[in-house]
Amino acid sequence: MKIAVEGCMHGDLDNVYATLLHLEKVENTKIDLLICCGDFQAVRNEKDLESLNVKPKYKTMNSFWKYYSGQEVAPFPTIFIGGNHEASNYLWELYYGGWTAPNIYFLGFAGVIKFGTVRIGGLSGIYNARHYHLGHYERPPYNESDIRSIYHVREYDVYKLMQVEEPIDIFLSHDWPVGITDYGDWKQLVRFKPYFEQEIQDKTLGSKAAADLMEKLKPPYWFSAHLHCKFAASVQHGESGPVTKFLALDKCLPGRKFLQIVDIPSEPGPYEIQYDEEWLAITRKFNSIFPLTRNTTWLGSVQLDKQDREWVKSKLATRGPKPFDFVQTVPPYNPNHSMSRASCSGNVSRSGQSRNPQTASLLQLLELPYLLDAAAESKHSPMPYSSKNIDEAASDGDDDDAATDDVDEIELPEGDVDT
């Protein structure tokens, strides 16, 4: 199976897909799947721009809306995780994962799916110690504080991924596992990014949560983005344990190394995205402790047992493993008109947030309540934001040059694609 791995998308789907189609033609090959390591920017219309944490001049529609509206169709099955520059209101609708457009699948805030026989897991967002132990308290429409914390990784999502026991073939995280630079050519890295050196020495470059997951899951492949450079590493787990091949990639710009084609062992196709039985069992079991307030989370002593897995297996045997169908929940962008107020298929909660039918159907399948629009009540009032801590929250390891570099048209210069 040939899988194209892409770093930060920044909404530039047209150019990434064009690059891959060009590669297929000149290399006489077939790409089976595209995976993106975050900052995907699934912006459907002007309203979604309000939940995108970038500087105002970069709040542009880009090209995802064409695929959401049906004007264009992704030429390759596409799987992505969230980063720190996302249409967060849309991704929250699909917290458990789902289709953001036909043939474009979001793994959720944390998730595992199957593509053919290849098992792909991922963790969305970036690590921030101030919010890690809190619940998912943010609700659309986001205020000035929430728009900068909604994409911070929470312990609950990592805890669920730590329950995975069956082998993961590929894992995705937006920021790098902390300490990963010890296993690659970090001296070459700091020649290109000299301001990383102090963080590398202090062991603060990257995500502790991602490092914990790498140690637990030990996948053969781990892909990341976020820091806008290419970096490879090889992690040997123990003296004779398995090896994880790590690769971080750049953002979609001319002359930058933002794509890599990898050959992954698999059974012959055809390939399609399917629910993962073990992950659905974990989702069902741990939804009872889903933290939805600003309080520090208490994860308790919930444990997965054989009956949980058998229950899900029975459900999928009856219903089938394919994810529920894509449904538009808001009107797509129309470049010829201002945003339409016409309704779409999603139910709207009291907060005005759309209830995505995919999420509602999945929860119904798992016999779970819909909690995503629950009031985020807390004993503690939100932390006030001064100008100082707004700046801290905006940076907090986000590497905001993702939002400050101009994005030019890609003309397939040499060096963009490594095969």
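Let's start at S207, which caps the N-terminal end of helix α8: one of its side-chain oxygens lies 3.3 Å from the backbone nitrogen of A209. Keep in mind as you look around that this is a predicted model. The helix itself covers residues 208–217. Follow it along and you'll meet a set of buried residues: A209, A210, A211, L213, M214 and L217. So A209 turns up twice here, with its backbone nitrogen close to the cap oxygen at 3.3 Å and its place among the buried residues of α8. Just past the helix sits K218, with a positive phi of about 50 degrees.

Now jump to another helix, α11, which spans residues 357–365. Here the cap is N356, at the N-terminal end, with a side-chain oxygen 3.0 Å from the backbone nitrogen of Q358. Q358 is also buried, along with T359, L362, L363 and L365. Why do these residues sit on the same side of α11? Because they cover an arc of only 155 degrees around the axis. And what covers them? Among the elements doing so are two helices you can find earlier in the chain, α3 (88–93) and α10 (306–319), together with α9 and the strands β4 (98–101) and β13 (273–275). Just after α11, E367 takes a positive phi of about 55 degrees.

Next, let's look for empty space inside. How many cavities of 30 Å³ or more does a search of the whole structure find? Four. The largest has a volume of about 130 Å³. Its lining is made of 17 residues, and the ones nearest its centre are F109, S124, G125, I150 and Y151. Sort that lining by class and you get seven nonpolar, seven polar and three charged residues.

The second largest cavity has a volume of about 100 Å³. It is lined by 16 residues, with Y96, L107, G111, W279 and L280 closest to its centre. Which elements give two or more residues to this lining? They are β6 (110–115), α5 (155–161) and α9 (277–286). The largest share, four residues, comes from β6. You've already met α9, by the way: it is one of the elements covering the buried residues of α11. By class, the lining of this second cavity has 11 nonpolar, three polar and two charged residues. Put that beside the lining of the largest cavity, with its seven nonpolar, seven polar and three charged residues, and you have both make-ups to explore in the model.

Note on methods. Residues are numbered from 1 along each chain as its sequence is written. This is a predicted model: local features need pLDDT of at least 70, side-chain atom pairs count only at pLDDT 80 or more; totals for chains, interfaces and linings use all residues. Side-chain values use heavy atoms; hydrogens and water are left out. Buried means under 20% relative accessible area, exposed over 50%, partly exposed in between (1.4 Å probe, protein chains only). A polar contact is a pair of N or O atoms within 3.5 Å; within protein, one must be able to donate a hydrogen and the other to accept it, and residues adjacent in sequence count only if both atoms are side-chain atoms. On a 1 Å grid over the protein atoms alone, a cavity is a set of points where a 1.4 Å probe fits but cannot get out, and a pocket is an open set with protein on both sides within 12 Å along at least five of seven lines; lining residues have an atom within 4 Å of a point. Grid points are joined across faces, edges and corners, and a volume is the space filled by probe spheres set on the points. Ala, Val, Leu, Ile, Met, Phe, Trp, Tyr, Cys and Pro count as nonpolar, Asp, Glu, Lys and Arg as charged, and the others, Gly among them, as polar. The arc is that of the directions from the helix axis to the C-beta atoms. Contact means heavy atoms within 4.5 Å.
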